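Let us take a friendly walk through one protein model and the ligand it holds. Have the sequence and the 3D view ready as you read.

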Amino acid sequence: MPRCLGPGDAAAFRALRLEALRLHPEVFAADFAEEAGRPLDWFAERLASNEVWAAVAPDGTLLGMAGLICHAAAKLRHKAVLWGVYVRAEARGTGLGAALVGAVLAAARGKVEEVRLTVTVGNEAAIRLYEGFGFRVYGWEERALRVAGRDYDDVLMALRLG
Ligand SMILES: CC(C)(COP(=O)(O)OP(=O)(O)OC[C@H]1O[C@@H](n2cnc3c(N)ncnc32)[C@H](O)[C@@H]1OP(=O)(O)O)[C@@H](O)C(=O)NCCC(=O)NCCS
């Protein structure tokens with residue numbers, strides 16, 4: 001059962017997030033080296049300004065996460081962004097990714113009308129996960145990321161919450 005992290009979870013969140021960025025540089029826009037250089041307070045602030053949901057093992061270890069950021073600006077307030085979806089390799093294929101996305105969408109309902117996300121072209125596991133919730137492709141960004149000299153395109157996906 002995912003739970004929403006608070007600023008007091010900053011150290012565990014930092015460890016999980018840095019693992020995700022280190023192991024999957026081509027699927028996240030954030031850069032491992034840049035984020036690894038941030039102080040713990042920066043991670044605590046992200047937990048305060050975003051809703052980050054995590055799957056937690058019985059021993060307290062974080063197994064996966066998914067984040068939601070709602071826009072504050074008046075003209076953008078109708079939509080939010082799902083970001084940072086990650087499940088540790090040993091915990092994949094057991095429904096945690098779906099549970100995390102489901103928790104974020106439940107939190108978004110009533111706050112925003114639409115949730116958007118970007119996913120690297122070719123990341124079929126993630127694209128199928130999002131399609132399973134009804135996300136549809138609305139755009140394509142060429143050369144969205146440059147990682148170690150190689151360019152990657154992003155697919156833009158959106159879900160109307162109705
Ligand atoms: C994408 C990711 C979060 C999926 O997490 P997971 O816990 O394994 O996913 P679940 O077990 O909840 O699976 C949910 C659905 O996702 C899809 N899916 C998951 N793994 C898949 C795979 N290897 N191939 C195809 N579809 C897959 C399926 O539609 C699945 O539904 P099903 O079991 O009914 O077929 C995980 O593989 C991951 O962390 N990958 C690395 C980071 C990443 O790519 N993050 C997304 C950034 S946009």
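The report begins with the ligand and then visits a few single residues.

This is a predicted model, in which local features need pLDDT of at least 70 and side-chain atom pairs count only at pLDDT 80 or more, while totals for chains, interfaces and linings use all residues. Residues are numbered from 1 along each chain as its sequence is written, and side-chain values use heavy atoms, with hydrogens and water left out.

**Around the ligand**

Which residues come nearest to the ligand? Of the 21 residues around the ligand, they are Val85, Val87, Gly93, Ala98 and Asn123. A residue belongs to this shell if one of its heavy atoms lies within 4 Å of the ligand.

The shell has twelve nonpolar, seven polar and two charged residues. In this sorting, Ala, Val, Leu, Ile, Met, Phe, Trp, Tyr, Cys and Pro count as nonpolar, Asp, Glu, Lys and Arg as charged, and the others, Gly among them, as polar.

Backbone atoms also meet the ligand. The table gives the distance from an oxygen atom of the ligand to a polar backbone atom of three residues.

| Residue | Distance to a ligand oxygen atom |
|---|---|
| Threonine 94 | 3.3 Å |
| Glycine 95 | 2.9 Å |
| Alanine 98 | 2.8 Å |

The protein covers 68% of the 920 Å² of accessible area that the ligand has on its own. Such areas come from the Shrake-Rupley method with a 1.4 Å probe; for residues, only the protein chains shown count as cover.

The ligand takes up the space of the largest pocket. A pocket is an open set of points on a 1 Å grid over the protein atoms alone, where a 1.4 Å probe fits, with protein on both sides within 12 Å along at least five of seven lines. A molecule sits in a pocket if more than half of its atoms lie within 2 Å of its grid points.

Which elements give two or more residues to the shell? They are strand 4 (79-87), helix 4 (96-108), strand 5 (114-120) and helix 5 (124-132). Helix 5 gives the largest share, five residues. Helices (H or I, at least four residues) and strands (E, at least two) are DSSP runs, numbered from the N terminus.

**Residues in helix 1 and helix 2**

Is glutamate 19, in helix 1 (residues 10-23), buried or exposed? Glutamate 19 is buried because its relative accessible area is 16%, and buried means under 20%, exposed over 50% and partly exposed in between. Its side chain makes a polar contact (a pair of N or O atoms within 3.5 Å, one able to donate a hydrogen and the other to accept it) with the side chain of tyrosine 86, at 2.5 Å.

Phenylalanine 13 lies in helix 1 too, and is buried with a relative accessible area of 1%. Phenylalanine 13 and alanine 54 are 41 residues apart in sequence and 8.6 Å apart in space, C-alpha to C-alpha.

Alanine 33, in helix 2 (residues 32-36), is exposed, at 54%. From alanine 33 to leucine 100 there are 67 residues in sequence and 26 Å in space, C-alpha to C-alpha.

**Two positive phi angles**

Most residues other than glycine have a negative phi. Arginine 143, in strand 6 (residues 136-147), has a positive phi near 50° and is exposed, with a relative accessible area of 55%. Alanine 148 has a positive phi of about 50°. Alanine 148 sits in the loop between strand 6 and strand 7 (150-160) and is exposed, at 84%.

Terms used:
On a 1 Å grid over the protein atoms alone, a cavity is a set of points where a 1.4 Å probe fits but cannot get out, and a pocket is an open set with protein on both sides within 12 Å along at least five of seven lines; lining residues have an atom within 4 Å of a point. Buried means under 20% relative accessible area, exposed over 50%, partly exposed in between (1.4 Å probe, protein chains only).
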